[in-house]
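User: Could you take a close look at one part of this model for me? I would like a connected account of how its pieces fit together.

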Amino acid sequence: MQYQDWFALYMSTYKRDIKPRTREEYQRQHRTYIAPIIGAKPLEAVTPEDCQEIINAAAVKGERIAQAVYALLRAAFRRAVRSRRLLWSPMDAVDRPRHKSQQGNALTESDYMAAVPEISDDLGLSLALFAGLRRAEITGLKWGDVDLPNDVLHIRRIRHRVGGQLVEAAPKSSAGVRDIPISPELAPILKSSYCLAASMYCIDAAPEILDRRWKRIQEALNLSQGYRLHDLRHTYVTRAILSGINPRVVQYLAGHSSLELTLQVYSHVNIEAAKAEMRRVALLH
């Protein structure tokens, strides 16, 4: 059996329940990086050197891509061993590629104050900064999920691209399904945009449009540094913890699967926030 035949069997038999976007990404990684090198090779003839060549080719495109390809190869070969197709996995002799995770970057206080008026005129960006929603959660939010009388947002779905099409799906984990109190900053923005059509999306636009809007705002304001769209969510989490909200509550609000992840976000605060926190503690004494 050639590796490409095993991969097709692996996907159809052991990965039947993965999300469409994940399946698409696995197929892309196989097609782009794996198949050109070992696709036509017999499964038992694949060597660690072959696998390392694949990882090296992926690493040219970036550390995160190399990590993803490594994980896919490792899982496929591990399954082959468990299924008695192989006696051992060539991936056992391949070191995991190094990856330095990109830290979140909360807006500085001056950038925050400068950006708030502009962001407040954009519902999508406001949902990121004042509710901590992920991009796919913002585009998946419907007006029926907005409970203004009780000041609650019901996060029940995401909407992202799969095969070039916008597809609605459940959140990636159970922690993503949550109810978020509507903050005082967000309430008037939601009220001014509110629509009675419960089935309509609050932001009827492609996810990447949000990135472009945020980039334009940054360019117009000439902020002190460049921020990703995800940094608005990071700012929400960071400010929540610095304000004294229990980290467990922040974990729930952010939809994090673990408290460790929430505290990792908190550990990325900048020196400006650290000084402000030290001053606050000093005043208590």
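Analyst: Gly163 adopts a positive phi near 60 degrees in the hairpin of β3 and β4, where 2 residues lie between the strands. This is a predicted model, so please read the details below in that light. The two strands, β3 (residues 158-162) and β4 (residues 165-169), pair in the antiparallel sense over 5 bridges. One of the residues involved is His160, whose bridge partner in β4 is Val167. As for its surroundings, β3 is largely enclosed by the rest of the structure, because 4 of its 5 residues are buried.

Let me add the helices, with α4 as the common partner. Helix α3 (residues 48-59) packs on helix α4 (residues 63-82) at an angle of about 155 degrees, and their axes are 7 Å apart. With an angle over 145 degrees, α3 is therefore roughly antiparallel to α4. The crossing of α3 past α4 is right-handed. On the α3 side, the contact includes Cys51, Ile54 and Ile55, while α4 brings residues including Glu63, Val69 and Phe77. By class, this contact has 11 nonpolar, no polar and 1 charged residues.

Helix α2 (residues 20-38) also packs on α4, here at an angle of about 75 degrees with axes 10 Å apart, which means that α2 is roughly perpendicular to α4. Tyr26, Gln29, His30, Tyr33, Ile34 and Ile38 of α2 meet Ile65, Ala68, Val69, Leu72, Leu73 and Phe77 of α4. The contact of α2 with α4 counts 10 nonpolar, 2 polar and no charged residues. Val69 and Phe77 of α4 thus appear in the contact with α3 and in the contact with α2.

Notes. Residues are numbered from 1 along each chain as its sequence is written. This is a predicted model: local features need pLDDT of at least 70, side-chain atom pairs count only at pLDDT 80 or more; totals for chains, interfaces and linings use all residues. Side-chain values use heavy atoms; hydrogens and water are left out. Axes are lines fitted to C-alpha atoms, for helices over the stretch in contact, and angles run from 0 to 180 degrees between N-to-C directions. Angles under 35 degrees count as roughly parallel, over 145 as roughly antiparallel, 65 to 115 as roughly perpendicular and the rest as oblique. A crossing is left-handed if the near helix is turned anticlockwise from the far one by less than a right angle, and right-handed if clockwise. Contact means heavy atoms within 4.5 Å. Ala, Val, Leu, Ile, Met, Phe, Trp, Tyr, Cys and Pro count as nonpolar, Asp, Glu, Lys and Arg as charged, and the others, Gly among them, as polar. Buried means under 20% relative accessible area, exposed over 50%, partly exposed in between (1.4 Å probe, protein chains only). Two strands pair if DSSP finds at least two bridges between them.
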